[in-house]
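Biologist: I am new to this structure and should like to be guided through it. May we look at it together?

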Amino acid sequence: MANPSIASVTPVPASADEAESWVRGELIRSLMRSARGSYIVSAALMPAMVGLNWIYVPRWELLTWLAAGLIATACRAWGARVYAVRYAGRSAAAQQQFTERYGFIWSTSAVVWGLSILLFFERTPQVNQFMSWLIVAGVGTFPLNGLALHPPLLKRYVNTLFITMLGAVLIRLVSINLVEPHFQYGFLMPILHWFLLLRAGRHIHETARNSLELLFHNHILIKSLTQQRQAAVAAVAMKNRFLASAAHDMRQPVLALSLYADWLRNEPELVLELAPKIVRATHAVNALFDSMFDLARIDSGQVRLHIERVDVAELLHDLELQYRPVAESRGLDFRVHVTEGSFLTDPIRVRRMIGNLLANAIKYTTDGGVLLASRQTRDGLRVEVWDTGIGIAPEHLRDVFLEFYKVADHAGTSDGFGLGLAIVARLSHVLGHPVSVRSRLGSGSVFRVALHDADEAVAQARVSASGG
């Protein structure tokens, strides 16, 4: 039957790797919970044993045995106290250590009860012997439900008890020369009892262990379902934020286009003044759509990567040609520092990653400049984008890589879509180029991209997984 003490358990571990250790530790904890006070029951039966044999056995033998029993009971109480203070809340390894270090206290109790056979066997009336045998059998059976939770301790206790009992029986048989006429070989019953206790203990242990394993797997299942539910809720929230942000960001350039169109219809002579504004508004809409399509392609797993060796100096030179005019048009100093090297990647996607970082650096910098640099480090080649812009507060550093995330009251965010760094994060994961950021509010930021060689099969598998 299952042990009721397993209903109260310590927290279930989070991973399957910890399951076996947790089950073993919890079985020992359950053993100790079920053993609370059992030594008191054992102690209470000792006076009954003494009383049954009081007028038939020398009192010094009875009192000596009783004193030994009380000492064994004190050892059990001391062991329970040690466990509660030093081991109860510790790891499974500590639980195992307790049983190995203090298992002798159960053996001590087993020896005392095994020696009780010397008090009554073939020395008292058969009725008294029968009652004494029942007490000893009860002492052997009563702790079974708890000790079975840790088979080594059960075997140690039961084997010690019955070996001592059989030894005591043999001593008594020798002392009476094996010729007492009323001896009926009833002492052979303990051997059967011994076998049955060990067999029942195995079944109890298997039942308890299966219950704990089922509890663990149920916990993992519940955790998985909870995570899936949270992911679904997050996906819905992201979708809502996506639609709301996209609608909000698209409304401004589309509204501007509408106003410029009405203005041009009513005053066609202003075409030279309005045409550049219409072009800028059109470019803004196209930029938003391009970013949304980039994210959609990555998330749907439809991106086809082309991994090849890329020269870092050539990559930085191409980016300089593209972004230096933009920086200088804002009055910013644009510097480039090149360390020679090459790495395996998708050139189009890595250029998009670093380009987005440069675009952000230029957008959020009003004074000073931007530095694009490549460096060799102990961990390999990396590209860094430094700026002297407005910086990012520590509490926003992780969130800036989320879709449509914009720091509230952050200068320069009103004309952005909040997608640039989200695309960087997606491509970083796909290509295996980790991105890190350090920033100080009001002093600028630095984004670092580790240029580890990309594995085409792994990268494509990550893209496919994104679409799954």
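Modeller: Certainly; please bear in mind that the model is predicted. Of the 468 residues of the protein, the share that counts as buried is 43%.

Biologist: How many helices and strands does the secondary structure of the protein have?

Modeller: The secondary structure contains both kinds of element. The total comes to 15 helices and seven strands.

Biologist: Among contacts between residues at least 6 apart in sequence, what percentage join residues at least 24 apart?

Modeller: The contacts to consider are those in the protein between residues at least 6 apart in sequence. Of these, the portion joining residues at least 24 apart is 74%.

Biologist: How far apart are the end C-alpha atoms of helix α1, residues 19-34?

Modeller: Helix α1 has 16 residues, and at 1.5 Å a residue these should span 22 Å. The model agrees with this expectation, as the separation of the end C-alpha atoms is 22 Å.

Biologist: Is α1 largely enclosed by the rest of the structure or largely open, and why?

Modeller: Residues of α1 that are buried include W22, E26, R29 and R33. In total, 12 of the 16 residues of α1 are buried, so the helix is largely enclosed by the rest of the structure.

Biologist: G25 also belongs to α1. What distance separates the C-alpha atoms of G25 and A93?

Modeller: G25 is buried in α1, while A93 is found in helix α4, residues 92-102. A93 counts as exposed because its relative accessibility is 56%, where exposed means over 50%. The two residues lie 68 residues apart along the chain, and their C-alpha atoms are separated by 7.1 Å.

Biologist: Are helices α2 and α7 roughly parallel or roughly antiparallel?

Modeller: Helix α2 (residues 38-52) packs with helix α7 (residues 126-141) at an angle of about 160°, their axes being 10 Å apart. That angle makes α2, relative to α7, roughly antiparallel.

Biologist: Which residues of α2 meet α7, and how many residues of the contact are charged?

Modeller: From α2, L45, A48, M49 and L52 meet residues of α7, among them N128, M131 and S132. The residues of this contact divide into eight nonpolar and two polar, and the number charged is none.

Biologist: How many of the 17 residues of α13 are buried?

Modeller: Helix α13 covers residues 347-363, and its end C-alpha atoms are 24 Å apart, in agreement with the expected span. Among its buried residues are P347, R349, N356 and I362. The helix is largely enclosed by the rest of the structure because the number of its residues that are buried is 12 of the 17.

Definitions and conventions
Residues numbered from 1 in each chain as written. Predicted model: local features only at pLDDT ≥ 70, side-chain atom pairs only at ≥ 80, totals over all residues. Heavy atoms only, no water. Helix = DSSP H or I, 4+ residues; strand = E, 2+ residues; numbered from the N terminus. Expected span 1.5 Å × (residues − 1). Buried < 20%, exposed > 50% of the residue type's maximum accessible area, 1.4 Å probe, protein only. Axes fitted to C-alpha atoms, helices over the stretch in contact; angles between N-to-C directions. Parallel < 35°, antiparallel > 145°, perpendicular 65-115°, else oblique. Contact = heavy atoms within 4.5 Å. Nonpolar A, V, L, I, M, F, W, Y, C, P; charged D, E, K, R; others polar.
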